[in-house]
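Q: I am new to this structure. Please take a close look at one part for me: how the paired copies are arranged and how they meet.

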There are 4 protein chains.
Amino acid sequence: MTDSVTRPRARGADKRRRLTAAATKVLHEQGVERTTLADIARAADVPVGNVYYYFKTKDELVQAALAEHTAHLDELTAGLDRLPDPRDRLKGLVEAWMGGRDVAARYGCPTGTLAAELDKRADGVLDVEAGRVIRRLLDWAERQFRELGRPDPDRLAVTLVAGYQGMSLLANALRDPEIMTGEGTRLIRWLDTLPAPPSAPRQA
Amino acid sequence: MTDSVTRPRARGADKRRRLTAAATKVLHEQGVERTTLADIARAADVPVGNVYYYFKTKDELVQAALAEHTAHLDELTAGLDRLPDPRDRLKGLVEAWMGGRDVAARYGCPTGTLAAELDKRADGVLDVEAGRVIRRLLDWAERQFRELGRPDPDRLAVTLVAGYQGMSLLANALRDPEIMTGEGTRLIRWLDTLPAPPSAPRQA
Amino acid sequence: MTDSVTRPRARGADKRRRLTAAATKVLHEQGVERTTLADIARAADVPVGNVYYYFKTKDELVQAALAEHTAHLDELTAGLDRLPDPRDRLKGLVEAWMGGRDVAARYGCPTGTLAAELDKRADGVLDVEAGRVIRRLLDWAERQFRELGRPDPDRLAVTLVAGYQGMSLLANALRDPEIMTGEGTRLIRWLDTLPAPPSAPRQA
Amino acid sequence: MTDSVTRPRARGADKRRRLTAAATKVLHEQGVERTTLADIARAADVPVGNVYYYFKTKDELVQAALAEHTAHLDELTAGLDRLPDPRDRLKGLVEAWMGGRDVAARYGCPTGTLAAELDKRADGVLDVEAGRVIRRLLDWAERQFRELGRPDPDRLAVTLVAGYQGMSLLANALRDPEIMTGEGTRLIRWLDTLPAPPSAPRQA
DNA sequence: CATGAATGAGAATTCATTCAT
DNA sequence: TATGAATGAATTCTCATTCAT
């Protein structure tokens, strides 16, 4: 009974989800400019004309993809946050990056390449949005370094994330996943090396 | 005086150079896909129809831009090669990167963003070309590290260049040139820290 | 009444048909190379941009015109096939050709001129397709000659069709429809002259 | 001595000849519309910009090709005219056609395809010119048939030439040189069969 | 909401023709 | 004359967005 009422709405939400997922994937693989709405519609198995009931413009789909990346990031960090040691959390992050080496070698870091492409735009709307996703990652990393008792957590966070972005770009440009492995290992070693002050109890 | 003789040929070569320079600049600022031939023609002050006398396709202009980046790189490394100490050469490279912080913060690393965008293409032609430019930088850096007597020069080269690409991307995404300064400083410190074996005479 | 239901789909199919018809006509009159998509769109009263909804490339429109010629041919031969005597069928074909004398004198044989133009292309795609249409006519004629009991039906079919193509080209080049009449009459006389063996019953 | 004076002019005449020859060949192979001036210039090994000193427009080059075809035809018929028997002359013509079977199978009859293409034009200038070349061939054939004492020489000439055009087109469309051989043989047999009245002395 | 169809504003590319030297 | 270099009008094709049903 309630089905007949909620079904259509549920269907709609499902389509929206499928479109978002398709956009995230296709935009990452082909880039924003080379991706047509038809590409996304096809990947989501939604008729082109119907897309506009969920996303009024192409940019809204890009935004949805950015939101998806944020959600992925949150999910990842939420999982890591369950680890008691901030150092282990950071190492877990690097390991997650290394796990995505093949995709990175083929298409680069999803967020990074998206940000790079959007930053070419004259209007500063979506590029700011892309910056926010990266900032979110930086903030999380910074919290971990701070918890570790490092005096310059923001700087270290930049170093860590820049390392990820750099290795992804190189792996992509050279089409070599091993770069992800090599640099990832280096980052983990680096994290291991970082001295932690005697008593830096975890802050809630 | 002799100009009046070489003028016609010089004119043509000049236009080609202007087009190449314009392409390099505009493609960096707007990205490949968002740049129209008209954009490049306008920037070079050349009628659109005339562009095709020099470059048969848009892709050839992209290729010319890649060649330009290679040339810039060669010029830079040639200058650095005059320094006697390989460590100083590497530090000089990082300083050059830091010198370009404002451009990087606005548009990213010219080569890196180009490579990232081209890597989204299905056909592997120009993206391979872009990879070559980055490889060239890696090779140069590797030579310096080897000359420094380091046991793993290729790995170190990757770390250095990845550091550059990462800091450029972050600086660009966050629109913050200071990231270039901060990370650049870190890289220089890192280079200073690298132990050099007792006697590693420069190899011609 | 039911129209109101099928309208949307019918509309699309209708446009496609209009475009095909327009393409067939205009391509015949102006030739493939001299015909622009705008010409066809105008003749079909369809906005240019919309043409691509139905035909992805200009070549697909040419192909549609070829298919149209095939359909016309099939229609014609289907009608002739109702005649009991294969000789009458062949004569009916020639008469149909003569009936088109004015168009032939102005623009040549639609299929023949199309084939001639397409054969100039380096890539062998559409020209093969054009050859198929002519082959189809040859095959039909061959069947009639065989049914007539002639020992060399394929040779005779070539002679007949070559006669048609030749007279069309001459009529066109000299802008003289009378050539169609004169040569057509000769072909009919020739068909009448052909001896038929005593008992050559029609084969289903 | 006179060389230095006549050389430039001779050179010019030579270039004109080369351009005409190149135009004849390339226009036959690629068709008028698909042939660019650059194509012809390249084939003639003449700089593009220089073409215009010899031919003010592309159409003039087409006209030159038509004139070339006329010249070829005249040369051919002049040779045949040395034969005492008009029937042999006609048979010689057919044999010449058969000799060109491979070219015909690939590109069609040079004059015929040119005429067919030019006839698609709205303006009636070059197409009339093309008609003239064919008319010239018809006239020559007609003279032979008349000399043979046939009562309807014009009709027979049309049949002969139409036979040639038809077999060329079929050979071309089906890419089969054997059609030229088969139909050529038929034409020769046909010419042999034509009864000649008792006393038809050759007319100067 | 759903959907096929429409629309029009570009974009890349081609090429005959002209020009400056 | 000779020639590389313009030039601009045309042409094919793409696509985000909108519309009618």
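**How the copies pair**

A: Start with the meeting surface. This is a predicted model. In it, 100% of the interface residues of chain A are also interface residues in chain B, so these copies meet through the same surface.

Next comes the geometry. A turn of 179° lays chain A on chain B. The shift along the axis is 0.0 Å, and the RMSD of the fit is 0.1 Å. The two copies are thus related as by a two-fold rotation axis. Which residue of chain A has the C-alpha nearest that axis? That residue is Gly166(A), with its C-alpha 1.9 Å from the axis.

Now turn to chains C and D. Chain C superposes on chain D by a rotation of 179°. Here the shift along the axis is 0.0 Å, with an RMSD of 0.1 Å. In chain C, Gly166(C) has the C-alpha nearest the axis, at 1.9 Å. Both of these copies use the same surface. Of the contact residues of chain C, 100% recur in chain D.

One stretch of chain A also carries a label from a record. An unreviewed UniProt entry annotates residues 13-73 of chain A as "domain: HTH tetR-type". In the model, that span is 75% helix and 0% strand. The C-alpha atoms at the ends of residues 13-73 lie 22 Å apart.

Definitions and conventions. Residues numbered from 1 in each chain as written. Chains lettered and ligands numbered in written order. Predicted model: local features only at pLDDT ≥ 70, side-chain atom pairs only at ≥ 80, totals over all residues. Heavy atoms only, no water. Least-squares fit on C-alpha atoms with pLDDT ≥ 70 in both. Contact = heavy atoms within 4.5 Å. UniProt positions renumbered as here; feature names shortened; annotations may be inferred. Helix = DSSP H or I, 4+ residues; strand = E, 2+ residues; numbered from the N terminus.
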